[in-house]
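Hi,

Here is the structure I promised to pass on. Have a look at it first, then read my notes below.

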Amino acid sequence: MDDKPFIRVAHYALAFPVLHGNARSLKKTLFRSVRDIGRVGGTMRRQGTVVSVQALEDVNFMLSAGERVGLIGHNGAGKSTLLRALAGIYESGVGSLEVSGRMHALLDPQAGMNMALTGRENIHLFARLLDLPREGVAALERDVEAFAELGAFLDLPVRLYSSGMAVRLGFGLATAPRPQILLMDEWFMAGDQHFQDKAHARLEEMVAHADIMVLTSHSLPIMREWCTRVLWMDAGRVRMDGPTHAVLDAYEAHVAQQG
Ligand SMILES: Nc1ncnc2c1ncn2[C@@H]1O[C@H](COP(=O)(O)OP(=O)(O)OP(=O)(O)O)[C@@H](O)[C@H]1O
């Protein structure tokens, strides 16, 4: 039996309705700004009284085990939307999108945390969600406690944490599972310098174990370091798909040409 993970996306499209009714001046402004600015956001479409943004349009690609893929492109090109669609967040897309394998998405370090519970109770809650056996729960607790370095705060409610402290705990939890498919938003790499170094090492360990990784980023050095393949997104479409260096060289040349 072949249980290798894969991602298959065929003719996938996703639109967000943004305006209803007859807000004429706002609609005019929106369409004018889209023409003037050119490369920001998806394409605006009007159907009757509804204006929508075509965030993704006719997206096609196939990813197999061993591929680390970077999504690059201008602001609003559709990178986060594509990542979220792969994570199963949207139900309204057309075309097909198959994600086969044990997937984990790093989209929001604080997702799923209960602010009224202590850090330690949140670890136990997370362990229940993962359906871990008793030894697994203890191992998870040791692992996250060592990573988050919250000391006595681990036994206080998360609502009393500073935002950086909550991120340490959330990041430790989110990066604890060993998924086959890892989806990751670039801002997951933000934080203070000490945390960034630790987070980077932990992500590297996680990435090394994932069979497929999809990462959105504006950082070309991060792409060159972590990705084997890059999809260049442009106004909701895949403009170029190929080996990291070839796509990034073309992307850089394009950006330089645009001034
Ligand atoms: N929930 C939403 N409702 C309406 N429009 C949305 C929503 N999410 C995204 N969009 C629109 O979809 C388009 C793609 O947005 P997306 O966040 O995927 O871009 P991105 O490539 O990740 O951009 P950035 O590099 O700026 O983070 C944009 O035009 C954005 O305005």
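**The hairpin and its sheet**

Let's start with a small detail: in the hairpin of strand 2 and strand 3, which has 2 residues between the strands, G48 takes a positive phi near 60°. Before going on, please keep in mind that this is a predicted model, where local features need pLDDT of at least 70, side-chain atom pairs count only at pLDDT 80 or more, and totals for chains, interfaces and linings use all residues. Residues are numbered from 1 along each chain as its sequence is written.

A few terms will help. Helices (H or I, at least four residues) and strands (E, at least two) are DSSP runs, numbered from the N terminus. Two strands pair if DSSP finds at least two bridges between them.

Back to the hairpin: strand 2 and strand 3 (residues 50-64) run antiparallel and are joined by 5 bridges. M44 stands opposite V53 in strand 3, and R45 has S52 as its bridge partner there.

These two strands belong to an open sheet of 4 strands, in the order 2-3-1-5, with antiparallel pairing. Strand 2 (43-47) and strand 5 (94-100) stand at the edges with a single partner strand each, so one side of each is left without a neighbour in the sheet. On average, neighbouring strands of this sheet are turned by 35° against each other, direction ignored. (Axes are lines fitted to C-alpha atoms, for helices over the stretch in contact, and angles run from 0 to 180 degrees between N-to-C directions.)

How many residues of strand 2 are buried? The count is 0 among its 5 residues, so to speak hardly any cover. Here a residue is buried if 20 or more other C-beta atoms lie within 10 Å of its own, exposed if 12 or fewer, and partly exposed in between, with C-beta atoms placed from the backbone.

**Helix 2**

Helix 2 (residues 79-86) lies across strand 1 (6-19), strand 3 and strand 5, and runs at about 65° to strand 3. Is this helix enclosed or open? Of its 8 residues 6 are buried, so helix 2 is largely enclosed by the rest of the structure. The buried ones are K79, T81, L82, L83, A85 and L86. Just after helix 2, G88 takes a positive phi of about 85°.

L86 is worth clicking on. Leaving aside its neighbours within four places in sequence, L86 is in contact with I7, L97, V99, L183 and V214. (Two residues are in contact if their C-beta atoms, placed from the backbone, lie within 7 Å.)

**The second sheet**

There is also an open sheet of 6 strands, with the order 6-7-8-4-9-10 and mixed pairing. Its edge strands are strand 6 (103-106) and strand 10 (237-243), each pairing on one side only. The twist averages 15° from one strand to the next.

Within this sheet, strand 7 (residues 181-184) and strand 8 (residues 212-216) pair in the parallel sense over 4 bridges. I181 stands opposite I212 in strand 8. Helix 8 (residues 244-258) lies across strand 4 (68-73), strand 9 (229-234) and strand 10, running at about 130° to strand 10.

**The core and the domains**

Which residues touch the most other members of the largest nonpolar core? Of its 65 residues, they are L86, L183, V214 and V230. Helix 5 (residues 163-174) gives the largest share of this core, 6 residues. (A nonpolar core is a set of buried Ala, Val, Leu, Ile, Met, Phe, Trp, Tyr and Cys residues joined through C-beta atoms within 7 Å.)

The domain assignment gives domain 1 (1-20 + 41-102 + 179-258) and domain 2 (113-178); such bounds come from an automatic or database domain assignment. The core draws at least three residues from each of domain 1 and domain 2. The C-alpha centres of the two domains lie 28 Å apart, and 10 residues of domain 1 are in contact with 8 residues of domain 2.

**One more residue, and the whole protein**

L203 lies in helix 6 (residues 193-209) and is buried, with 20 other C-beta atoms within 10 Å. The C-alpha atoms of L203 and F171 are separated by 9.7 Å, and the two residues are 32 residues apart along the chain.

Overall, the protein has 8 helices and 10 strands, and buried residues make up 34% of its 259 residues.

Happy exploring!
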